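Please open the model in your viewer and keep the sequence panel beside it, since each stop on this tour begins with a selection.

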Amino acid sequence: MSTAAPATRTTTPVPTAGPHQAATGGSGTVYYASCAAARAAGAAPLHRGEDGYRSGLDRDSDGVACE
């Protein structure tokens, strides 16, 4: 009878996004559910072209969301 050490397995946890967290999609783009979520992540303000920016967060359509 041999006593071999058990194999170790490393896993990477999969993040889940709540209302105040960012989630990354398959394309790598960041999505914020709200400006509160962007602020909590320290990402606000968001500028057009940056990850996480979307027109739904830009109230006055000036290219800067969550001002």
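## A tour that starts at the disulfide

Select Cys35 and Cys66 and display their side chains: the torsion about their S-S bond is about -85 degrees, so the disulfide is left-handed. In this predicted model, the two sulfur atoms lie 2.2 Å apart, and a search of the whole structure finds 1 disulfide. Now colour by secondary structure, and you will find Cys35 in helix H1 (residues 35-40) and Cys66 in the segment after strand E4 (64-65), so the pair ties together parts that are 31 residues apart in sequence. Both cysteines are buried.

Next, extend the selection to Val30, Tyr32, Ala37, Ala38, Leu46, Tyr53, Leu57 and Ala65, which together with Cys35 and Cys66 make up the largest nonpolar core, 10 residues in all. Strand E2 (30-32) and H1 are the elements that give two or more residues to this core, and H1 gives the most, with 3 residues.

From that core, pick Tyr53 and show its surroundings: leaving aside residues up to four places away in sequence, Tyr53 touches Leu46, His47, Arg48, Asp58, Gly63, Val64 and Ala65.

Finally, return to the whole chain in cartoon view, where 1 helix and 4 strands appear and follow the pattern β-β-α-β-β along the sequence. Of the 67 residues in the protein, 21% are buried, and among contacts with a separation of 6 or more, 8% join residues 24 or more positions apart. If you switch on the accessible surface, its area comes to about 5,200 Å², of which 53% belongs to carbon and sulfur atoms.

How values were computed
Residues numbered from 1 in each chain as written. Predicted model: local features only at pLDDT ≥ 70, side-chain atom pairs only at ≥ 80, totals over all residues. Heavy atoms only, no water. Disulfide = S-S within 2.5 Å. Buried < 20%, exposed > 50% of the residue type's maximum accessible area, 1.4 Å probe, protein only. Core = buried A, V, L, I, M, F, W, Y, C linked by side-chain atoms within 4.5 Å. Contact = heavy atoms within 4.5 Å. Areas by Shrake-Rupley, 256 points an atom, 1.4 Å probe, with all protein chains shown as cover.
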